[in-house]
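Visitor: I am new here. Please show me the structure, and then take my questions.

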Amino acid sequence: MNSFIEELKWRGIFADATPEIEQLLNQGMTSAYVGFDPTGDSLHLGHLVPIIVLRHFQNHGHKPYALVGGATGMIGDPSGKSNERNLLNDEQLNHNVAGLKGQLERFLDFNADTPNAAVLVNNYDWMKNISFLEFARDIGKHITVNYMMAKDSVKKRLNGEFQEGMSFTEFTYQLLQGFDFLHLYQNHGIKLQMGGSDQWGNITTGTELIRRKVQGEAYGLTCTLITKADGSKFGKSEAGENVWLDAARTSPYKFYQFWLNQSDADCERYIKIYTFLSKSEIETLITEHSQAPHERKLQKKLAEEMTVWVHGREEYEKAVKASEILFGRSTADDLVRLDEATFLDVFEGVPQKEIAKSELIGTGIVDILAERSGFLKSKSEAQRELKGNAISVNKAKVDDTYKAEESDLIDGKFLLLQKGKKNYFIVKAV
């Protein structure tokens, strides 16, 4: 078996491939591409498996191409969608394309000195000057409507599985993607397209177009669409929001927590799919985890590998420090050094009160707890809780002699008040 295919299979990523793909890959360095439509200015976890497949492809000595769909992004891929996608204007599309390019360059090796350096292409570059008449004459005549209608992505929309039908615009998407494959085949020698298993119809339209128009041999490979152990779709937070690869959308702390909170059953699969650890390393981890599941070794290693790969070692270490704060395994100094974004992520949903800095610095804890913040109802309650050793400031116990100092402010702005173990309140100095 080809080493690249074998790797995908033992990791649980391989879904399907056209015949004789192994012979192609065994001939030597092969070029392949994966397309990413710029529907947003950031990639999310749903895009990560195709990126990982491209990275494995490159690690096995082949040449990866990442295609950003500046042209096809104007239309929208109907595969797996129940509704017509909103069309983007040129300004938004260009912004999204730039965002995706910047992220893809972090995950693949674009070092031009290596023969299998990754290449980034944008299909707008070869589609912008083609007229509708040229496309209809040169491309449309090679693929029949019957062939296009047989695709699952089309049948589901036309047979009423979804409420809305399909516009001609979306119907042509598979032809445009097929044209991408033809262009890359003719101009870059690319014989293989890869993508998620929902892309099988679009990929095989491309192989068919190449066969019919230029009598060429082209191939397709799809990777698994990842689900959780309960069968639900993977890649969204508990609130149902996408987990993004952009730190401005999903902070490194939340990204780290997402992986840390995966179940044991899911982690055994995800550690193979989402990391580049070797088979022996993973098997050792799984064994160690099964012997002491309470230590959560799989979750911790998965969270480390993913956070370092996507956000870097420094952000990973900050996320670990931030996580330890909630469990009391950090110092007040660790808390004070948190940046504002991480601090607010850790204590998301905690009530806040803004207080002028001049009214906070030098003020005694009784006044801060009661009159200034309203965290406690009265001074007498504040004094009672302080006597009971129930009050902490920045996770450190205080008594009634405590006064707020400038050096206590987290990121120069926040003071974290706490009663008991779980009752928090944030004072923001303004």
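Guide: This is a predicted model. We begin with the sheet.

Visitor: In what order do the six strands of the open sheet lie?

Guide: The sheet is open, and its pairing is mixed. Neighbouring strands are turned by 25° against each other on average, direction ignored. Read across, the order is β1-β6-β5-β2-β3-β4.

Visitor: Which strands stand at the edges?

Guide: Look for strands with a single partner. Such a strand has one side left without a neighbour in the sheet. The two at the edges are β1 (14-17) and β4 (119-122).

Visitor: What is the bridge partner of Phe14 in β6?

Guide: Strand β6 covers residues 219-223. β1 and β6 pair in the antiparallel sense, over three bridges. In β6, the partner of Phe14 is Cys223.

Visitor: At about what angle does helix α3 run to β2?

Guide: Helix α3 spans residues 45-59. The helix lies across β2 (31-36), β3 (63-68), β5 (192-196) and β6. Its angle to β2 is about 165°.

Visitor: How many salt bridges does a search of the whole structure find?

Guide: Side chains of opposite charge can pair when their charged atoms come close. The cut-off here is 4 Å, from a side-chain nitrogen of Lys or Arg to a carboxyl oxygen of Asp or Glu. The search finds 20.

Visitor: How many residues apart are Asp345 and Lys254?

Guide: Their side chains meet in a salt bridge at 3.8 Å, N to O. Asp345 sits in helix α18 (residues 340-346), and Lys254 sits in helix α12 (residues 252-260). The pair links distant parts of the chain, 91 residues apart.

Visitor: Is Asp345 buried or exposed?

Guide: Buried means under 20% relative accessible area. Asp345 has 15% relative accessibility. Its partner Lys254, with 32%, is partly exposed. Asp345 therefore counts as buried.

Visitor: Where does Glu406 lie?

Guide: Start from Lys357, in helix α19 (residues 357-360). The side chains of Lys357 and Glu406 meet in a salt bridge at 3.0 Å, N to O. The two residues are 49 apart. Glu406 lies in the loop between β9 (396-397) and β10 (414-419).

Visitor: What is the relative accessible area of Glu288?

Guide: The side chains of Glu288 and Lys297 meet in a salt bridge at 3.6 Å, N to O. Lys297 is partly exposed, at 30% relative accessibility. Glu288 is partly exposed too, with a relative accessible area of 32%.

Visitor: Which residues are linked with Lys301 in a network of salt bridges?

Guide: This is a network, with four residues named. Linked with Lys301 are Glu304, Glu305 and Arg313.

Methods
Residues numbered from 1 in each chain as written. Predicted model: local features only at pLDDT ≥ 70, side-chain atom pairs only at ≥ 80, totals over all residues. Heavy atoms only, no water. Pairing = 2+ DSSP bridges. Helix = DSSP H or I, 4+ residues; strand = E, 2+ residues; numbered from the N terminus. Axes fitted to C-alpha atoms, helices over the stretch in contact; angles between N-to-C directions. Contact = heavy atoms within 4.5 Å. Buried < 20%, exposed > 50% of the residue type's maximum accessible area, 1.4 Å probe, protein only.
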